[in-house]
Amino acid sequence: MQSENDFDKQLFELLASRGQAAAWLVDSPRAALEIECRQLISDLTFQSDLADYLSATPVISESIETVLAQLAFSAGVHCRQAEKVLKSLAYRGWHLARWLPTFLLVDGPLGRLLRQSPSPLAKKMKSHHANFPLLASARDAFNNDLFRKVRNGFAHWSFTWNGTSSPVQIEVFHFESGCKEAALSLLEAEALHYLVVSVIRTIDEELLRKASTSGA
């Protein structure tokens, strides 16, 4: 049986081969990310600044909580329980229902938290990114050309699911010109989704909740 670490490695090797998130090719990347976040939140000045920022921009915490709830709902839907004639569509929907909110969150609240002033996390990442290689690598992956094309394709529903190819291919098109901009396998799309979810969950557990508690 494939272990969780082996599955992580397989997914992040796919991303590294596309020039993304190479720093995530370590044993237990989620644990390494947790350590980075705990290091950040142990700085009391940063913790206070983050609490103030989250209080002023509550949509960030609220949107991340909403995505986590949606992920939990989607994970409980099994395409094998669908009627035979609907199994193929249900299989596709199971993936898309999970991918859509996570990809789009990066373009909104999560992106602002990681990249834009006045976010204290964005400031810390700009000046001390070498101290937080997994966070920095994820932030850069979210701004990578492939990820942006996939994100934009999903935002505008400008993508196709090619279930006749082996493996299944996701093809992304420019929403105005109609030109194909990217193609990735089902597993590569899942790897992108897994990277985003890993960041969302860890930031929520190790930064947002602890900062909010400290500011209460």
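Helix H3 runs over residues 44-56 in this predicted model; helices here are DSSP runs of H or I with at least four residues, numbered from the N terminus. H3 has 13 residues and spans 18 Å from first C-alpha to last, close to the expected 18 Å (1.5 Å times one less than the number of residues). Residues are numbered from 1 along each chain as its sequence is written. As the model is predicted, local features need pLDDT of at least 70 and side-chain atom pairs count only at pLDDT 80 or more, while totals for chains, interfaces and linings use all residues, and side-chain values use heavy atoms, with hydrogens and water left out.

What about the two sides of H3? Phe46, Gln47, Leu50, Ala51, Tyr53 and Leu54 are buried (under 20% relative accessible area; exposed means over 50%, with a 1.4 Å probe and protein chains only). These buried residues line one face of H3, because they fall within an arc of 165 degrees seen down its axis (taken from the directions from the helix axis to the C-beta atoms). On the face turned away sit the exposed Leu44, Thr45, Asp52, Ser55 and Ala56.

Tyr53 also turns up in the surroundings of serine 119, which touches Tyr53, Arg112 and Leu113, leaving aside residues up to four places away in sequence (contact means heavy atoms within 4.5 Å). Serine 119 sits in the loop between helix H6 (109-115) and helix H7 (120-128), and is buried, at a relative accessible area of 0%.

Elsewhere, Leu96, Trp99 and Phe103 are among the H5 residues that meet H9, where the partners include Phe147, Val150 and Phe154.

Methods
Helices (H or I, at least four residues) and strands (E, at least two) are DSSP runs, numbered from the N terminus.
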